[in-house]
Every structure is written in structure tokens, then in C-alpha cells.
Amino acid sequence: MIRKSQTTLPLGILSVAILSLAASAPVTGAENYPARPIRFIVPYPPGGSTDTYSRIIGVKLGEGLGQPLVMDNRTGAAGSVGAELAAKAPPDGYTIVLGQDSNMVVGQAVRAKKNYDTLRDFAPISLVVRTPQVIVVNDTSPLKSVKDLIAAAKAKPGALTYATAGIAGSSHVLGAFFNIAAGIDTLHVPYKGGGPGMLELRAGRVSYMITSMVSSLTFARDGRARLLAVTGPRRSHLFPDVPTLGESGFPGFETVLWHGLMAPAKVPRHVVVRINREIVKVLAMPDVQKLLQHEGGAVSPSTPEEFEAFLRAEVDRWTKMVKQTGITLD
């Protein structure tokens, strides 16, 4: 139960290597772990994608570990408040966090002053889910494709506006980087979250929006919004007719939003192995996969080593993108 307190893998496919590792990894010193409830820090408020994913996996993970996970929503500063709290927690195995791209990678790249270092201050446990971003317009928009968007932007430089969930987030960086790649000039309009931005798009106050798949799902499913492209390496299983940005004239232009389990650095190895073993089992469960897929995600279990390599690649990718765009928070 949950007690409330305040490298790419194809969808649903678990590699034999990962499952073998999870089943056979040594557990020396772990016989009594965990002996009490585990604090599960969620760096975003209830109702968002991070909180949703946490609750989908939290019950099952607690059952596998034999101890409940105590949900601790610690919000603020685009997820960095909760991330910093997790980074500075005792590395005893009784604090974990569901990190994601915004607070673990993009937020670090745009800040000159950092309160934590993702590669130094965290022990990666496993990726959980990856979700593409989308370029979306209102259903009444004359824009039917990325090609149309670029043509309209070039016809009237500075006239088109794009919404995002906030300043210096991954969508803002992606939008600015896309402008550079496409040779266009459009105006960024930040909102306090993907939900408010989508409402403004629906009201016709912005030309298009760059956001997470989760934020656009309700409107895209019922036809009130139109997806022009997804930013992942392949088309979404939810919208197979929507092309990728690569297919829309920008090969290699790929970004994904991701969530992954992490612990404070220097946590005992047997803790990482144990939690990894259980989360891999959880992500193999059909009901969990169904729920995650319904939110637009691609289930992405990994070994701790694979997750670490993924993190290093993400830090390198977003640092370069941020540098090119010149976006900073300080």
C-alpha cells in the first residue's frame, strides 16, 4: 500500500539480459533490507505525470520490497526542491526519488548555480518510462504539418507564438532549439504547467504548443487538438499516424521526457540491486504496462549501469542544446 505524506528499449519488451541480472544479482548484506517503510520523494505536485507514474509503480514496488512506500510530494523550482532533498538524504536505502529530465538534466544545464549534481549526488537504479514531447495545435488551426508551421513562421517572422509549461524547461529549450534548426523566429509564451498552456492553446491565444504527450492526450484523443509531430525516435503507439520530427525533415532531432528511480549517492550496492530487481519485475506486469502505456509512455526498465550511461548521454545532449540556445535561469 501507499501512505500519503505531504540505449532504447522497445515498448513493453524486457531484455533477457536485464531479467537474468535481476534474478541472479548477489544480495550480500541485504538480508534485512528493507526493515522499515521507504520514503518515496515525488518532486512534483499530485496530479502531474511524475505523481501519476509514482502511484502506478509505488504500490507494486512496495509489495515486492515487503515494506510500504511513503509518498512525499516535495514541490517547487521545477522539481529541484524535491531532487535536492533526495540528494542530501542519508544514503541508507530508505529514501528514493522518481527523477525526471527536467530536474535532473535540463534544470541543471540552465542554472549557473547548482544545489546538486545529478551525476555526482545520485545512484541510478532504473529507468521507468520514456515519453515523447509533441508539437500540437488547436483543431481549428490552418497548420496541418511541421512544414506548414515553418512556412507560416517564415512568411511572418515573429508573428507565431508557442506555449510551454514554463521558462527554461525542456519544452522551452526544445522550442528555441527547433527555431534555430528550422531557421524561424517565433515567440515563447510560458505558462505555469502543461495544463494551463493547453487551455490557452484551445482558446486560440497561442499558435502552437510544445509539451508532453501526457498534457496533450485528452484534447488529442477527442479531436480538440491536432498533433503535428512527436519528438521521440519512433511514432507513438497512441497516435501511429503522427510523424516524428525526424520524418518531418529533421533527422536525428530526438528528445524524450523520462522518469527513473534514483537514490542518494553512496547508497549500499545491495540496496540498488534489490530495488532494481523489484522495479524490473513491476515493469514486467501487464497491468502496470497497460497503465503506463495509457499515459503515452514507453516502459523502459534498465540495469543501474544502463541508466547511468543514459544519464550521462542526456546531460551531454541537453547541455549542448542549452548552450546553443543561450537560455539561463541565473
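Biologist: Which side chain meets that of Glu247 in a salt bridge?

Modeller: Side chains of opposite charge can pair when their charged atoms come close. Here Glu247 meets Arg235, at 2.9 Å from N to O (a salt bridge needs a side-chain nitrogen of Lys or Arg within 4 Å of a carboxyl oxygen of Asp or Glu). Both residues lie in the loop between strand S9 (225-230) and strand S10 (256-264), so the salt bridge ties together parts that are 12 residues apart in sequence. Helices (H or I, at least four residues) and strands (E, at least two) are DSSP runs, numbered from the N terminus. The model is predicted: local features need pLDDT of at least 70 and side-chain atom pairs pLDDT 80 or more, while totals for chains, interfaces and linings use all residues. Residues are numbered from 1 along each chain as its sequence is written, and side-chain values use heavy atoms, without hydrogens and water.

Biologist: Are Glu247 and Arg235 buried or exposed?

Modeller: Neither label applies: Glu247 is partly exposed at 48% relative accessible area, and Arg235 is partly exposed at 36%. Buried means under 20% relative accessible area, exposed over 50%, and partly exposed in between (1.4 Å probe, protein chains only).

Biologist: How many salt bridges does the structure hold, and which residue pairs with Lys281?

Modeller: The structure holds 17 salt bridges. Lys281 pairs with Glu278, with 3.9 Å between the closest N and O atoms. The two residues are 3 apart in helix H10 (residues 269-283), which means a separation of about one helical turn. Lys281 is partly exposed at 45%, whereas Glu278 is buried at 8%. Elsewhere, Arg39, Asp72 and Arg74 are joined into one network by salt bridges that share partners. Within that network, Arg74 and Asp72 have their closest N and O atoms 2.9 Å apart. Arg74 is partly exposed at 32%, and Asp72 is buried at 4%.

Biologist: What surrounds strand S3, and how does S2 run relative to S3?

Modeller: Strand S3 (residues 69-73) has 4 of its 5 residues buried, so the rest of the structure largely encloses it. Strand S2 (residues 38-42) runs parallel to S3 and is joined to it by 5 bridges (two strands pair if DSSP finds at least two bridges between them). Val42 has Asn73 in S3 as its bridge partner.

Biologist: Which elements make a β-α-β unit?

Modeller: S6, H7 and S7 make one, and it is right-handed (with the strands pointing away from the viewer, the path from the first strand over the helix to the second runs clockwise). Strand S6 (residues 161-164) pairs with strand S7 (residues 187-190) in the parallel sense over 4 bridges. Thr161 has Leu187 as its bridge partner in S7.

Biologist: What is the volume of the largest pocket?

Modeller: Rolling a probe the size of a water molecule over the atoms shows where empty space is left. The largest pocket has a volume of about 910 Å³. Of its 38 lining residues, the closest to the centre are Tyr44, Gln100, Ala165, Gly193 and Gly194. A pocket is an open set of points, on a 1 Å grid over the protein atoms alone, where a 1.4 Å probe fits, with protein on both sides within 12 Å along at least five of seven lines; lining residues have an atom within 4 Å of a point. Grid points are joined across faces, edges and corners, and the volume is the space filled by probe spheres set on the points.

Biologist: Which element gives the most to the lining of the largest pocket?

Modeller: H2 does, with 5 residues. Elements giving two or more residues include helix H2 (49-65), strand S5 (122-138), helix H7 (170-182) and S10. The lining divides into 12 nonpolar, 22 polar and 4 charged residues (Ala, Val, Leu, Ile, Met, Phe, Trp, Tyr, Cys and Pro count as nonpolar, Asp, Glu, Lys and Arg as charged, and the others, Gly among them, as polar).
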